Every structure is written in C-alpha cells, then in structure tokens.
Amino acid sequence: MGDDIIVSIHSDQDMVVARAQSRSLADSLGFSRTEATLIATAVSEIARNILMHAGRGEISMRPLREDVRCGLIVVAQDSGPGIRDVSRAVESGFASTGGLGLGLPGARRLMDEFEIESEPSEGTTVTMTKWRMRDDLERLRERRLRRVVDPGP
Ligand SMILES: Nc1ncnc2c1ncn2[C@@H]1O[C@H](COP(=O)(O)OP(=O)(O)OP(=O)(O)O)[C@@H](O)[C@H]1O
Ligand SMILES: [Mg+2]
C-alpha cells in the first residue's frame with residue numbers, strides 16, 4: 001500500500017529512524033504527544049529485539065482510517081532464530097540473553113493489539129496496533145471538508 005513506511009533494521013541508527021517515523025505517523029493521525037511517545041517506545045523495543053536477537057529485519061508501519069476510529073499498525077519481521085515459546089517470551093522477566101525481559105511485555109502493554117508469530121529457525125513477526133477514537137466534531141469536520149473537495153453531482 002502507498003501509505004506504508006518501511007524501515008530496514010540493521011543498526012542502532014535504524015532503530016532511531018523507526019522510533020522517529022512511528023512518532024511522526026502517530027502525530028499525523030492525531031494521537032496526543034504522550035500516546036505518540038508510548039507508540040514510539042513500543043516500536044523501539046521491537047526494533048531493538050530485531051537487532052539483539054535476530055541481527056536484522058524490517059519494520060513497516062501503516063495508518064488505519066475508519067469512520068469512528070483511526071490508528072496505526074506496525075509489523076516487525078525478521079528471519080532470525082525465532083522464539084521457541086512465545087507465551088513465555090511475552091511474560092515479564094523472560095530473557096534468553098543478558099536482557100531484562102521487559103521489551104515484549106512492555107510493548108504489549110503500550111499497544112492495543114499485539115500478536116507474535118514465530119517459528120524456530122524461521123524468524124519472528126510481531127504485529128501491533130494502536131487505536132484512537134475519533135470524536136463527533138472531528139468526523140463532522142471531515143465530512144464537510146469532503147463535501148467541499150468533492151461537491152458531488
Ligand atoms: N525478534 C526476535 N527474535 C528472536 N527472539 C526474540 C525476538 N524478540 C524477542 N525474542 C526473545 O524473547 C525474549 C524476550 O524479549 P524481551 O524484549 O521481552 O526481553 P529482552 O530483549 O531479552 O530484554 P530487554 O528487552 O528487557 O532488554 C528475548 O530474550 C528473546 O529470547
Ligand atoms: Mg528486548
């Protein structure tokens with residue numbers, strides 16, 4: 001889709017880019033500064049996991065626009081070693097390496113929807129979504145604007 005933002009994750013610098021991109025996408029979708037920071041934090045943790053546990057991967061982000069709500073979906077993919085026990089990995093304190101095991105449970109808490117698909121030796125895909133309810137005034141404004149842009153027959 002044309003709206004997709006794709007960030008390859010190979011280095012610390014890419015993590016910074018993913019964080020900044022998610023924050024600016026959240027801003028453009030009307031999330032508050034606080035919410036945008038929480039989203040950027042979740043994206044940072046997932047990007048850091050790609051670097052630490054898989055070496056490299058890719059994060060894509062896309063806006064979701066519905067009538068009563070809008071949001072953003074983040075898909076992080078890698079072809080690393082995978083996670084053998086996904087349900088344990090999202091528990092606080094589970095870490096295979098030197099980490100604290102807070103990244104996945106933290107990201108899950110910060111987002112509204114959170115899913116991990118992983119097969120040992122095939123890689124990992126983390127999909128997470130954050131929603132924002134749109135209020136009546138905002139929807140009314142959009143309908144007016146649409147009428148001005150496209151007055152119809
Ligand atoms: N992309 C990934 N590929 C392979 N394993 C992963 C991946 N992401 C997470 N894991 C596994 O899940 C565990 C938990 O991840 P989590 O981010 O919660 O903790 P951590 O990265 O070990 O430490 P922290 O994020 O607190 O520094 C990791 O220790 C690792 O075993
Ligand atoms: Mg981590």
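# Notebook: helices, sheet and ligand shell

I looked up the handedness first: H2 passes H4 in a left-handed crossing. I take a crossing as left-handed if the near helix is turned anticlockwise from the far one by less than a right angle, and as right-handed if clockwise. Helices (H or I, at least four residues) and strands (E, at least two) are DSSP runs, numbered from the N terminus.

I note that this is a predicted model, in which local features need pLDDT of at least 70 and side-chain atom pairs count only at pLDDT 80 or more, while totals for chains, interfaces and linings use all residues. Residues are numbered from 1 along each chain as its sequence is written, and chains are lettered from A and ligands numbered from 1 in the order in which they are written.

**Entry 1: H2 against H4.** I find that the axes of H2 and H4 come within 9 Å and cross at roughly 150°. That makes H2 roughly antiparallel to H4. Axes are lines fitted to C-alpha atoms, for helices over the stretch in contact, and angles run from 0 to 180 degrees between N-to-C directions. Angles under 35 degrees count as roughly parallel, over 145 as roughly antiparallel, 65 to 115 as roughly perpendicular and the rest as oblique.

I list the contact next: from H2 come Leu38, Thr41, Ala42, Glu45, Ile46, Arg48 and Asn49, and from H4 come Gly103, Gly106, Ala107 and Leu110. Two residues are in contact if their C-beta atoms, placed from the backbone, lie within 7 Å. By class, the residues of the contact of H2 with H4 are five nonpolar, four polar and two charged. Ala, Val, Leu, Ile, Met, Phe, Trp, Tyr, Cys and Pro count as nonpolar, Asp, Glu, Lys and Arg as charged, and the others, Gly among them, as polar.

**Entry 2: H1 against H2.** I looked up helix H1 (residues 12–28) and helix H2 (residues 33–54), whose axes come within 8 Å and cross at roughly 150°. H1 and H2 are therefore roughly antiparallel to each other. Here H1 passes H2 in a right-handed crossing. The H1 side of the contact consists of Met15, Ala18, Arg19, Ser22, Arg23, Ala26 and Asp27, and among the H2 residues they meet are Ile39, Val43, Ala47 and Leu51. I record nine nonpolar, two polar and five charged residues in the contact of H1 with H2.

**Entry 3: the ligand shell.** I find 24 residues surrounding ligand 1, the closest being Asn49, Ala95, Ser96, Gly99 and Gly103. A residue is near a molecule or strand if its C-beta atom, placed from the backbone, lies within 6 Å of it. H2 and helix H4 (103–110) are the elements that give two or more residues to this shell. H2 supplies the largest share, six residues. The shell divides into twelve nonpolar, ten polar and two charged residues. I note that Asn49 and Gly103, listed among the closest residues to ligand 1, also belong to the contact of H2 with H4.

**Entry 4: the sheet.** I count five helices and five strands in the protein, and its pattern along the sequence reads β-α-α-β-β-α-α-β-β-α. Five strands form an open sheet in the order E1-E2-E3-E5-E4, with antiparallel pairing. Two strands pair if DSSP finds at least two bridges between them. Strand E1 (5–9) and strand E4 (113–119) are the edge strands, each pairing on one side only. From one strand to the next, the twist averages 15°. H1 packs on the sheet, touching E1, E2 and E3, and its direction makes about 160° with that of E1. H2 also packs on the sheet, touching E1, E2, E3 and E5, and its direction makes about 10° with that of E3.

**Entry 5: strand register.** I followed strand E2 (residues 57–65) and strand E3 (residues 69–78), which are antiparallel over nine bridges; a hairpin joins E2 to E3 through three residues. Met61 stands opposite Val74 in E3, and Val74 in turn stands opposite Met128 in E5. E3 and strand E5 (residues 123–133) pair in the antiparallel sense over ten bridges. Between E3 and E5 I also record Leu72 opposite Lys130 and Ala76 opposite Val126.

E4 and E5 run antiparallel and are joined by seven bridges. The bridge partner of Ser118 in E5 is Thr124. In the hairpin of E4 and E5, with three residues between the strands, Ser121 takes a positive phi near 70°.

**Entry 6: extent.** I close with the C-alpha trace of the protein, which spans about 60 × 25 × 25 Å along its principal axes.
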